[in-house]
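Got the viewer open? Here is a walk through the model, one selection at a time.

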Amino acid sequence: MRWLKRILFLLLFIVLFSLCVGGGVWWAIKAQPSFYKELAVVETNREKVILDSDKMCEKVRKLRHAAARKTRWEIEFSQDELNHWLAIEISEKKAGLLPRRLKNPRGQIVDGLIQAGVFIDFPEFQGVVSLDIVPRVIRPNVIQIELRRVRCGVLPVPLRLIAGEIEAKAKEYAIPLQIEATSGALLLTTELMDGDLVYEGKNIVIEEIEISGKNIRLLGKSSRLEQRK
């Protein structure tokens, strides 16, 4: 899906730029954030991980069924279901969906924001880059991500050093992106156009994102995709 590729390209660039900024402090950029280590998939929790992944797959299947046959849809999933779906279904079974340099995406929900981390694998460097973000829908299919913090390992990267580079890279990849700097955050706003989210001839519209406790809920609608002339 084109919208997913846009987000992944943007994330990959943030990772690369963070490395350039933080490259002089080796220990700090090699260290892993504590939340990322705590969310690792290991043999002792693998059975639960697979069960959570299966639950998420079933929710995605039901969502596709609802989006194809109804005008309204919603999906709610937990932090563990999302993490373990990414670990099993995406990272292991469908690894080609992720850029090959990005591995083991993980995230947790803390105080209404998402702490997301990903391991990057380059010949000259391997390490974790993490982001603190608050996603929201400001109007149907207009997604805004409030980027509050970027870390390379455990080293904070100043947001003011990133804004201009993100804007330039978004133009290079033809990503429709608006960037606004606020006190302590960057607001990244993009609009999903008709045809970016399509399933069985239906145009999918995201209307709301809710974060509550350790759960995320998406609400939206679907309509017949009009043929472009």
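Residues 24 or more positions apart account for 58% of the contacts with a separation of 6 or more in this chain, a contact being heavy atoms within 4.5 Å. Before you click on anything: this is a predicted model, where local features need pLDDT of at least 70 and side-chain atom pairs count only at pLDDT 80 or more, while totals for chains, interfaces and linings use all residues. Residues are numbered from 1 along each chain as its sequence is written, and side-chain values use heavy atoms, with hydrogens and water left out.

**The whole chain**

Switch to cartoon and you should find 6 helices and 11 strands. These are DSSP runs numbered from the N terminus: helices are H or I with at least four residues, strands are E with at least two. Now try a surface. The chain exposes about 12900 Å², and carbon and sulfur atoms supply 54% of that; the areas come from the Shrake-Rupley method with a 1.4 Å probe, and for residues only the protein chains shown count as cover. Of the 229 residues, 46% are buried. Buried means under 20% relative accessible area, exposed means over 50%, and partly exposed is in between (1.4 Å probe, protein chains only).

**Stop one: the four-stranded sheet**

Select strands 1, 11, 10 and 9. They make an open sheet in the order 1-11-10-9, with antiparallel pairing; two strands pair if DSSP finds at least two bridges between them. Strand 1 (72–78) and strand 9 (198–199) each have a single partner strand, so one side of each is left without a neighbour in the sheet. As background, strands of a sheet pair through backbone hydrogen bonds, either parallel or antiparallel.

Now step across the sheet. Strand 1 pairs with strand 11 over 7 bridges, antiparallel, and Arg72 has Lys221 as its bridge partner in strand 11. Strand 10 and strand 11 are joined by 10 bridges; pick Asn203 and you will find Ser223 as its partner in strand 11. Between strands 10 and 11 is a hairpin with 2 residues in between, and Gly213 in the turn has a positive phi of about 60°. Finally, strand 9 is tied to strand 10 (residues 202–212) by 2 bridges, and Tyr199 has Lys202 as its bridge partner in strand 10.

**Stop two: helices across the sheet**

Keep the sheet on screen and add helix 4 (residues 46–69). Helix 4 lies across strand 1, strand 9, strand 10 and strand 11 (215–224), running at about 170° to strand 1. Axes here are lines fitted to C-alpha atoms, for helices over the stretch in contact, and angles run from 0 to 180 degrees between N-to-C directions. Then add helix 5 (residues 79–93), which lies across strand 1 and strand 11 at about 85° to strand 1.

**Stop three: another hairpin**

Select residues 102–110 and 113–122. Strand 2 and strand 3 run antiparallel with 7 bridges joining them, and Gly107 stands opposite Ala116 in strand 3. The two strands form a hairpin with 2 residues between them, where Asp111 in the turn has a positive phi of about 55°. Colour strand 3 by accessibility: 7 of its 10 residues are buried.

**Stop four: two residues in strand 5**

Go to strand 5 (residues 142–152) and show Arg151 as sticks. Is Arg151 buried or exposed? At 14% relative accessibility, Arg151 counts as buried. Beyond its neighbours within four places in sequence, Arg151 contacts Val128, Val129, Ser130, Asp132 and Pro156.

Next, pick Ile143, also in strand 5. Ile143 is buried, with a relative accessible area of 14%. Draw a distance from its C-alpha to that of Thr189: the two are 46 residues apart along the chain but separated by 5.7 Å. Not counting residues up to four places away in sequence, Ile143 touches Arg136, Val137, Leu188, Thr189, Thr190 and Leu192.

**Stop five: helix 6**

Select residues 163–172 and look down the axis. The buried residues of helix 6 are Ala163, Ile166 and Ala170. They fall within an arc of 65°, so they line one face of the helix; the arc is that of the directions from the helix axis to the C-beta atoms. On the face turned away from that buried side, helix 6 carries the exposed residues Lys171 and Glu172. Just past the helix, check Ala174: its phi is positive, near 60°.

**Last stop: cysteines**

How many disulfides does a search of the whole structure find? It finds 0, a disulfide being a pair of cysteine sulfur atoms within 2.5 Å. Compare two cysteines while you are there: Cys57 is partly exposed at 23% relative accessibility, whereas Cys152 is buried at 0%.
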